Amino acid sequence: RTCAGLGPSQLESPSREAGIDLLISLEDSDYEHLDDVSFALAKAYMASGDLEAAQAHVCRLLRMCPGHTKATDLQRRILRKKDEQRERRQATGLVVAAGVALLAGAVMAAGGGGRRRGR
(Lines give C-alpha, C1' and ligand atoms only; values in the text may rest on other atoms or scores of the structure.)
Protein backbone atom coordinates (compact mmCIF):
# COMPACT_ATOMS: atom_id res chain seq x y z
CA ARG A 1 0.00 0.00 0.00
CA THR A 2 1.17 3.49 -0.72
CA CYS A 3 0.19 7.13 -0.12
CA ALA A 4 -2.21 7.18 2.83
CA GLY A 5 -3.32 3.59 2.36
CA LEU A 6 -4.16 3.83 -1.32
CA GLY A 7 -3.07 0.97 -3.55
CA PRO A 8 -0.90 1.68 -6.61
CA SER A 9 -3.87 1.33 -8.97
CA GLN A 10 -5.71 4.02 -6.99
CA LEU A 11 -2.99 6.60 -7.51
CA GLU A 12 -3.80 9.06 -10.23
CA SER A 13 -1.50 9.02 -13.22
CA PRO A 14 -0.77 12.78 -13.06
CA SER A 15 0.66 12.42 -9.54
CA ARG A 16 2.87 9.53 -10.69
CA GLU A 17 4.00 11.58 -13.68
CA ALA A 18 4.75 14.54 -11.40
CA GLY A 19 6.83 12.25 -9.19
CA ILE A 20 8.74 10.93 -12.18
CA ASP A 21 9.32 14.50 -13.40
CA LEU A 22 10.68 15.45 -9.97
CA LEU A 23 13.02 12.44 -9.95
CA ILE A 24 14.23 13.27 -13.46
CA SER A 25 14.98 16.84 -12.37
CA LEU A 26 17.01 15.45 -9.45
CA GLU A 27 18.80 13.12 -11.84
CA ASP A 28 19.72 16.06 -14.07
CA SER A 29 20.98 18.14 -11.12
CA ASP A 30 24.02 17.66 -8.94
CA TYR A 31 21.98 15.67 -6.43
CA GLU A 32 24.29 13.60 -4.25
CA HIS A 33 22.32 10.35 -4.18
CA LEU A 34 21.87 9.49 -7.86
CA ASP A 35 21.74 5.79 -6.98
CA ASP A 36 18.56 6.40 -4.95
CA VAL A 37 17.09 8.49 -7.77
CA SER A 38 17.82 5.81 -10.38
CA PHE A 39 16.29 3.12 -8.17
CA ALA A 40 13.18 5.23 -7.53
CA LEU A 41 12.83 5.97 -11.25
CA ALA A 42 13.16 2.29 -12.13
CA LYS A 43 10.44 1.41 -9.61
CA ALA A 44 8.18 4.25 -10.78
CA TYR A 45 8.49 3.28 -14.43
CA MET A 46 7.87 -0.37 -13.57
CA ALA A 47 4.74 0.60 -11.63
CA SER A 48 3.50 2.59 -14.63
CA GLY A 49 4.14 -0.37 -16.94
CA ASP A 50 7.04 1.18 -18.87
CA LEU A 51 9.40 -1.76 -18.55
CA GLU A 52 11.90 -0.42 -21.09
CA ALA A 53 12.43 2.80 -19.11
CA ALA A 54 12.51 0.82 -15.85
CA GLN A 55 15.19 -1.45 -17.26
CA ALA A 56 17.23 1.51 -18.52
CA HIS A 57 17.28 3.10 -15.06
CA VAL A 58 18.04 -0.12 -13.21
CA CYS A 59 20.90 -0.84 -15.64
CA ARG A 60 22.24 2.67 -15.07
CA LEU A 61 22.11 2.03 -11.32
CA LEU A 62 23.92 -1.29 -11.70
CA ARG A 63 26.66 0.44 -13.69
CA MET A 64 27.06 2.97 -10.85
CA CYS A 65 26.78 0.36 -8.06
CA PRO A 66 27.41 -3.16 -9.44
CA GLY A 67 26.70 -4.85 -6.12
CA HIS A 68 23.34 -3.11 -5.48
CA THR A 69 21.21 -6.03 -4.25
CA LYS A 70 17.84 -4.28 -4.55
CA ALA A 71 18.64 -3.19 -8.10
CA THR A 72 19.61 -6.75 -9.02
CA ASP A 73 16.32 -8.02 -7.60
CA LEU A 74 14.38 -5.30 -9.43
CA GLN A 75 16.14 -6.15 -12.68
CA ARG A 76 15.08 -9.79 -12.27
CA ARG A 77 11.48 -8.72 -11.70
CA ILE A 78 11.56 -6.45 -14.76
CA LEU A 79 12.98 -9.22 -16.95
CA ARG A 80 10.40 -11.69 -15.60
CA LYS A 81 7.57 -9.25 -16.41
CA LYS A 82 8.96 -8.69 -19.90
CA ASP A 83 9.07 -12.47 -20.44
CA GLU A 84 5.47 -12.79 -19.20
CA GLN A 85 4.35 -10.06 -21.61
CA ARG A 86 6.19 -11.71 -24.49
CA GLU A 87 4.58 -15.08 -23.66
CA ARG A 88 1.11 -13.46 -23.52
CA ARG A 89 1.67 -11.81 -26.91
CA GLN A 90 2.82 -15.12 -28.40
CA ALA A 91 -0.17 -16.98 -26.92
CA THR A 92 -2.52 -14.31 -28.24
CA GLY A 93 -0.93 -14.60 -31.68
CA LEU A 94 -1.40 -18.37 -31.65
CA VAL A 95 -5.06 -18.03 -30.65
CA VAL A 96 -5.67 -15.48 -33.41
CA ALA A 97 -3.90 -17.69 -35.98
CA ALA A 98 -5.93 -20.72 -34.89
CA GLY A 99 -9.14 -18.70 -35.12
CA VAL A 100 -8.31 -17.51 -38.63
CA ALA A 101 -7.48 -21.08 -39.68
CA LEU A 102 -10.78 -22.36 -38.28
CA LEU A 103 -12.70 -19.59 -40.00
CA ALA A 104 -10.97 -20.28 -43.30
CA GLY A 105 -11.73 -23.99 -42.92
CA ALA A 106 -15.39 -23.25 -42.21
CA VAL A 107 -15.63 -21.01 -45.28
CA MET A 108 -14.00 -23.69 -47.44
CA ALA A 109 -16.32 -26.38 -46.06
CA ALA A 110 -19.36 -24.21 -46.76
CA GLY A 111 -18.34 -23.94 -50.39
CA GLY A 112 -17.27 -20.34 -50.25
CA GLY A 113 -13.63 -21.13 -50.80
CA GLY A 114 -13.68 -21.98 -54.48
CA ARG A 115 -14.56 -19.92 -57.49
CA ARG A 116 -17.83 -20.65 -59.15
CA ARG A 117 -17.55 -21.18 -62.82
CA GLY A 118 -20.01 -19.64 -65.17
CA ARG A 119 -22.19 -21.97 -67.25
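Visitor: Which residue follows H2, and what is the sign of its phi?

Guide: Gly49 comes right after H2, and its phi is positive, near 95°. Bear in mind that this is a predicted model, where local features need pLDDT of at least 70, side-chain atom pairs count only at pLDDT 80 or more, and totals for chains, interfaces and linings use all residues. Numbering starts from 1 along each chain as its sequence is written, and side-chain values use heavy atoms, without hydrogens and water.

Visitor: What makes H2 a helix of the expected span?

Guide: A helix here is a DSSP run of H or I with at least four residues, numbered from the N terminus. H2 covers residues 34-48, which is 15 residues. The expected span is 1.5 Å times one less than the number of residues; H2 reaches 21 Å from its first C-alpha to its last, close to the 21 Å expected.

Visitor: Why is Arg77 called partly exposed?

Guide: Buried means under 20% relative accessible area, exposed over 50%, and partly exposed in between (1.4 Å probe, protein chains only). Arg77 has 38%, so it is partly exposed.

Visitor: Which residues of H2 are buried?

Guide: Among them are Val37, Phe39, Leu41 and Tyr45. In the protein chain, buried residues make up 21% of the 119 residues.

Visitor: Which residues gather in the patch of positive charge?

Guide: Lys43, Lys70, Arg77 and Arg80 gather there, on the surface. Patch residues have over 30% relative accessible area and no salt bridge (a side-chain nitrogen of Lys or Arg within 4 Å of a carboxyl oxygen of Asp or Glu), and like charges are joined within 9 Å. Helix H4 (residues 69-109) gives the largest share, three residues.

Key:
Helix = DSSP H or I, 4+ residues; strand = E, 2+ residues; numbered from the N terminus. Patch = residues over 30% accessible without salt bridge, like charges linked within 9 Å, V, L, I, M, F, W, Y side chains within 5 Å. Areas by Shrake-Rupley, 256 points an atom, 1.4 Å probe, with all protein chains shown as cover. Lys, Arg positive; Asp, Glu negative; His and termini not counted. Charge placed at Lys NZ, Arg CZ, Asp CG, Glu CD.
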